[in-house]
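This report walks through one protein chain, moving from its aromatic residues to its strands and then to its charged side chains. Please keep the sequence and the structure in view while reading.

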Amino acid sequence: MIYEMRTYDVKQGLLNVYLKLFNDVGLPERKPHNNLVGFWTTETGTLNRVVHIWRWVNLDQRGVLRSELLKNPKWALDFLPVAMPMLDRMTSVFMNPASFSPLP
């Protein structure tokens with residue numbers, strides 16, 4: 001297993017709009033490819049931040065599923081063009097669980 005932690009800094013004043021868009025439009029389109037471990041917003045530190053973690057068998061699986069997702073018109077046309085302008089910054093980190101991690 002490999003985990004991907006994605007961190008998005010949302011433009012000030014748009015956090016709730018982004019969350020609603022992801023819940024209403026983005027997440028339903030991701031469900032067939034859903035490997036979502038968790039989705040959080042920050043209360044301290046950097047504000048207007050969204051952190052989500054996705055679980056993949058390996059990077060090849062991630063590549064295949066993300067390619068399929070980009071072919072989905074609702075994701076590519078209804079979600080991405082609306083969501084992307086709301087973001088100031090995005091980072092993606094791939095993590096391998098330690099042998100003693102409670103997550104495999």
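## Aromatic residues

In this predicted model, one aromatic cluster is formed by Tyr8, Tyr18, Phe22, Phe39, Trp75 and Phe79. A search of the whole structure returns 5 aromatic pairs. One of them joins Tyr18 and Phe79 in a tilted arrangement, with 6.5 Å from centre to centre and 55° between the planes. This pair links distant parts of the chain, since Tyr18 belongs to helix α1 and Phe79 to helix α3 (residues 73-83), 61 residues apart.

Are Tyr18 and Phe79 buried or exposed? Both of these residues are buried.

## The sheet

The model contains an open sheet of 4 strands, arranged in the order β2-β3-β1-β4 with antiparallel pairing. Its edge strands are β2 (36-41) and β4 (87-95), each of which pairs on one side only, and from one strand to the next the twist averages 15°. As general background, the strands of a sheet pair through backbone hydrogen bonds, in either a parallel or an antiparallel manner.

Following the order of the strands, β2 and β3 are paired antiparallel over 5 bridges, and within this pairing Leu36 stands opposite Trp54 of β3. Strand β3 is in turn paired with β1, again in the antiparallel sense, over 8 bridges, and here Tyr3 is found opposite Arg55 of β3. Strand β1 (residues 2-10) is also joined to β4 by 8 bridges, the two strands running antiparallel, and Met5 has Val93 in β4 as its bridge partner. As for how far β3 (residues 49-56) is covered, 7 of its 8 residues are buried, so that the strand is mostly covered.

## Salt bridges between distant parts of the chain

The whole structure holds 5 salt bridges according to the search. In general terms, side chains of opposite charge can pair when their charged atoms come close. One of the salt bridges brings together the side chains of Glu4 and Arg62, at 2.8 Å from N to O; this pair links distant parts of the chain, with Glu4 in strand β1 and Arg62 in helix α2 (residues 59-70), 58 residues apart. Glu4 counts as buried because its relative accessibility is 0%, and Arg62 likewise counts as buried because its relative accessibility is 17%, the cut-off for this class being under 20%. Glu4 and Arg62 are also linked with Arg6 in a network of salt bridges.

A further salt bridge is formed by the side chains of Arg89 and Asp9, at 3.3 Å from N to O. Because Arg89 lies in strand β4 and Asp9 in strand β1, this pair ties together parts that are 80 residues apart in sequence. The two partners fall into separate classes of accessibility: Arg89 is partly exposed, with a relative accessible area of 45%, whereas Asp9 counts as buried at 11% relative accessibility.

## A salt bridge within helix α1

The side chains of Lys20 and Asp24 also meet in a salt bridge, at 2.4 Å from N to O. Both residues lie in helix α1, where they are 4 residues apart, or about one turn of the helix. How exposed are these two partners, Lys20 and Asp24? Lys20 is exposed, with a relative accessible area of 54%, while Asp24 is partly exposed, with a relative accessible area of 40%.

## A buried arginine without a salt bridge

Arg30 also belongs to helix α1 (residues 15-30). Which side chain of opposite charge is nearest to Arg30? That side chain is Glu4, 6.3 Å away, and Arg30 is buried yet has no salt bridge. Arg30 makes no salt bridge with Glu4 because the distance of 6.3 Å lies beyond the cut-off of 4 Å for such a pair.

The surroundings of Arg30 can be described through its contacts. Leaving aside its neighbours within four places in sequence, Arg30 touches Trp54, Trp56, Arg66, Leu69 and Trp75. Among these contacts, Trp75 is a member of the aromatic cluster described above, and Trp54 is the residue of β3 that stands opposite Leu36.

How values were computed. Residues are numbered from 1 along each chain as its sequence is written. This is a predicted model: local features need pLDDT of at least 70, side-chain atom pairs count only at pLDDT 80 or more; totals for chains, interfaces and linings use all residues. Side-chain values use heavy atoms; hydrogens and water are left out. Buried means under 20% relative accessible area, exposed over 50%, partly exposed in between (1.4 Å probe, protein chains only). Lys and Arg count as positive and Asp and Glu as negative; His and the chain ends are not counted. Contact means heavy atoms within 4.5 Å. Two strands pair if DSSP finds at least two bridges between them. Axes are lines fitted to C-alpha atoms, for helices over the stretch in contact, and angles run from 0 to 180 degrees between N-to-C directions. Rings of Phe, Tyr and Trp (its six-membered ring) pair if their centres lie within 6.5 Å; planes under 30 degrees apart count as stacked, over 60 as edge-to-face and the rest as tilted.
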